[in-house]
Amino acid sequence: MDDGDRSFDQRDLVVRVRALLGQEIPGDALRATVLHQGMATAVRELLASLPDGDACDEVVGARAVTVHAGFDSTRIREAIRTAKSWKHAGVYPHPHTLAAVTRALCGYMPSLVPYASMYSDTLTPASPAWVTCCEAIERAQEARNASVGEGLDAASEHAFRLAVHVEVLLRYAERHREQSGERNDPV
């Protein structure tokens, strides 16, 4: 399929995929199958429109500016803002969106904890700052491992708690990066 044969340009495909992913899964099998096939077709078209491997490597190199020593502050802050916005606005997110943001927040913790720990190593042991940092790490891990109650309200509250703890870890991780002189230059 060459560029002239494509029925959608990339922007139209992205909009189409997002619209399909935001739909509720129908209760009956036939409509669910049709939705699934539409999603699969749109995703295949989108993937086919992406540049080849060499061009992708250049894009990744250009985006590496935002990657800081093993964690992406921008992406993490976006997940934090999203989870917090649901509570502040008093709205319930789509269950799939809620699950994705919760998984992302849980996934960021293993990346941030080592940096927060390295930051605590620079502090005077048993000092108030050291104790606060160590307690923040422990509370974040407890929040990650906490069981989620039943229902959308409990799941939204869990995502909010994770966002609060990830935000604290991110601050410590960024302090470590600043102290150690690590830069956010492309790799």
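**Seven helices and how they pack**

Reader: Let's start with one residue: does Ser 127 count as buried or exposed?
Author: The relative accessibility of Ser 127 is 18%. Buried means under 20% relative accessible area, exposed means over 50%, and partly exposed lies in between, with a 1.4 Å probe and protein chains only. Because its value is 18%, Ser 127 counts as buried.

Reader: Good to know; what kind of model is this?
Author: Residues are numbered from 1 along each chain as its sequence is written, and side-chain values use heavy atoms, with hydrogens and water left out. Local features need pLDDT of at least 70, side-chain atom pairs count only at pLDDT 80 or more, and totals for chains, interfaces and linings use all residues, this being a predicted model.

Reader: Which residue offers a backbone oxygen 2.7 Å from a polar atom of the side chain of Ser 127?
Author: Ser 127 sits in the loop between α5 (95-121) and α6 (128-145); helices (H or I, at least four residues) and strands (E, at least two) are DSSP runs numbered from the N terminus. At 2.7 Å from a polar atom of the Ser 127 side chain lies the backbone oxygen of Thr 124.

Reader: Stepping back, in what order do the elements of the protein run?
Author: The protein has seven helices and two strands. Of its 187 residues, 31% count as buried. From the N terminus on, the order is α-α-α-β-β-α-α-α-α.

Reader: How is α4 oriented relative to α5?
Author: Their axes, lines fitted to C-alpha atoms over the stretch in contact, with angles from 0 to 180 degrees between N-to-C directions, come within 10 Å and cross at roughly 135°. Under 35 degrees counts as roughly parallel, over 145 as roughly antiparallel, 65 to 115 as roughly perpendicular and the rest as oblique. So α4 and α5 are oblique.

Reader: And how many nonpolar residues are in that contact of α4 with α5?
Author: Contact means heavy atoms within 4.5 Å, and the residues making it include Ile 80 and Trp 86 of α4 with Leu 105 and Tyr 108 of α5. Ala, Val, Leu, Ile, Met, Phe, Trp, Tyr, Cys and Pro count as nonpolar, Asp, Glu, Lys and Arg as charged, and the others, Gly among them, as polar. The contact has two polar residues and one charged, while the nonpolar ones number ten.

Reader: Which residue has a side chain joined to that of Tyr 92 by a polar contact of 3.2 Å?
Author: Tyr 92 is in the loop between α4 and α5. Its C-alpha is 7.1 Å from that of Leu 152, 60 residues apart in sequence. A polar contact is a pair of N or O atoms within 3.5 Å; within protein, one must be able to donate a hydrogen and the other to accept it, and residues adjacent in sequence count only if both atoms are side-chain atoms. At 3.2 Å, the side chain joined to that of Tyr 92 belongs to Asp 153.

Reader: What about α4 and α7, how are they oriented?
Author: α4 (residues 73-89) and α7 (residues 151-180) have axes 9 Å apart and pack at an angle of about 150°. The two helices are therefore roughly antiparallel.

Reader: How many charged residues does the contact of α4 with α7 have?
Author: Among the residues making this contact are Lys 84 and Lys 87 of α4 and Glu 167 and Arg 177 of α7. Ten residues are nonpolar and two polar, and the number of charged ones is seven.
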